[in-house]
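Open the structure in your viewer and keep the selection tool at hand. The tour goes from one residue to its surroundings, then to the whole chain and to a second site.

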Amino acid sequence: RSVEEPSALAHCRSSGRLHSHKIRAPHMAAVFLAAAVLPSVQRAARRASTARLLAFTSDMKPQHLNSPNNPRLKLAKRLHARRQREKTGLILLEGQRLIADALDAGLSADFVLVSDEQLRDGALDRLLARVPAEIAASTTAPLFRDVSDTTTPAGVLALFQKPILTLPPSPSLVLVCDSISDPGNLGTLLRASAAAGVDGCLLMAGCADPWGPKALRAGMGAQFRVPMMQVDSWAGAAASLVEWGCAIRAADAGGTSAHYDCDWRDASALVVGSEAHGISREVLADPRVHSCSIPMAGDLESLNAAVAGAIVLHEAQRQRMTGAVPR
């Protein structure tokens, strides 16, 4: 037999989920059970979701490491050396902004270490919420300073796999770093390259490691945006540039043309040399290379390598954005 619809289920009928005014008695118990149990299940799911979001700010705190012999602390410290970075394929990032940049670029952290002094930082809580709980750990301030590469540690560091970015098949704007041995200058050049829309960077022998701590800090995340390729010699670099159809120009104080008189609108490459030695002789001796200089007031001989590179790259970007014809 049939019974009248319970008033507790009226909202189901009105919403279209029940189309009959009558419910069969054999199904009555199941309907009432579902109506009673569903809200509690939904509340439990909401509680679980909230717990996950608060994992780093409530009960689930990062594991605490208190021994200098801990394998993860020793590994992080070893990554100060280029040889260890190349051997393990890992890089060490310090500071919330640099780590967040890496996460924004789609990289996954292998290990995150926090100084006890930073555990109450709200911004740090948001950063830690982006990584799995099992890879995070905290340690004492003295141990953190021992692992850190900086004199005044930022309070958080992370280990990532070194990313591999592939150059496009036909890059239209390329930076060539000729023995840029200072990591700060190299990082700054990469940062300027990212801002100027450079498609890729060739690193010749004698360059600093772009994945070293100092270069990473100077690059401010540029290494996650600009593809880089190591080349053993100028011959190897030149072969790639010719294949891509790039006009090759070197920033040199004795250049025959001003940098803004060069036409950067077509495929182009800029070679920047070290501050100590300038452009390599084999580069300047190559007939395919045209040297350009940055006009300066007074009797100054040259600019910092990173500053000079940034000026020329942004002139190239200006011409490409505006379509302006050089004088």
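Start by selecting Met-296 in this predicted model. Its relative accessible area is 32%, so Met-296 counts as partly exposed, a class that runs between the 20% limit for buried and the 50% limit for exposed. Met-296 sits in the loop that joins strand E14 (289–293) to helix H12 (305–322).

Next, add Leu-300, Leu-303, Val-307 and Ile-311 to the selection and show the surface. Together with Met-296, these residues make a nonpolar surface patch of about 380 Å².

Now select helix H12, residues 305–322. Put a distance between its end C-alpha atoms: they are 26 Å apart. The 18 residues of H12, at 1.5 Å a residue, should span 26 Å, so the model agrees with the expected value.

Within H12, colour the buried residues. Which residues of H12 are buried? They are Ala-305, Ala-306, Ala-308, Gly-309, Val-312, Leu-313, Glu-315, Ala-316, Gln-317 and Gln-319. To see what lies over them, display strand E8 (173–178), helix H8 (183–196) and strand E13 (268–273), which are among the elements covering the buried residues of H12.

Zoom out to the whole chain and switch to a cartoon. The secondary structure comes to twelve helices and 14 strands. Of the 327 residues in the chain, 43% are buried. The accessible surface of the chain is about 17,300 Å², and carbon and sulfur atoms hold 53% of that area. Among contacts with a separation of 6 or more, 76% are between residues 24 or more positions apart.

Colour by pLDDT. The chain averages 85, and 81% of the residues score at least 70. Select residues 1–34: the pLDDT there is below 50, and the stretch has 30 contacts in the model beyond near neighbours in sequence. Then select residues 46–59, where the pLDDT is also below 50 and the contacts beyond near neighbours in sequence number eleven. Where pLDDT is low, predicted coordinates should not be read in detail.

For the last stop, select Arg-83, in helix H4 (residues 82–88). Is Arg-83 buried or exposed? Its relative accessible area is 69%, so Arg-83 is exposed. Add Asp-209 to the view and put a distance between the two C-alpha atoms: Arg-83 and Asp-209 are 10.0 Å apart in space, with their positions 126 residues apart in sequence.

Note on methods
Residues are numbered from 1 along each chain as its sequence is written. This is a predicted model: local features need pLDDT of at least 70, side-chain atom pairs count only at pLDDT 80 or more; totals for chains, interfaces and linings use all residues. Side-chain values use heavy atoms; hydrogens and water are left out. Patches are made of residues with over 30% relative accessible area and no salt bridge: like charges are joined within 9 Å, nonpolar side chains (Val, Leu, Ile, Met, Phe, Trp, Tyr) within 5 Å. Accessible areas come from the Shrake-Rupley method with a 1.4 Å probe; for residues, only the protein chains shown count as cover. A salt bridge is a side-chain nitrogen of Lys or Arg within 4 Å of a carboxyl oxygen of Asp or Glu. Helices (H or I, at least four residues) and strands (E, at least two) are DSSP runs, numbered from the N terminus. Buried means under 20% relative accessible area, exposed over 50%, partly exposed in between (1.4 Å probe, protein chains only). Contact means heavy atoms within 4.5 Å. pLDDT is the predictor's confidence in each residue, from 0 to 100. The expected span of a helix is 1.5 Å times one less than its number of residues.
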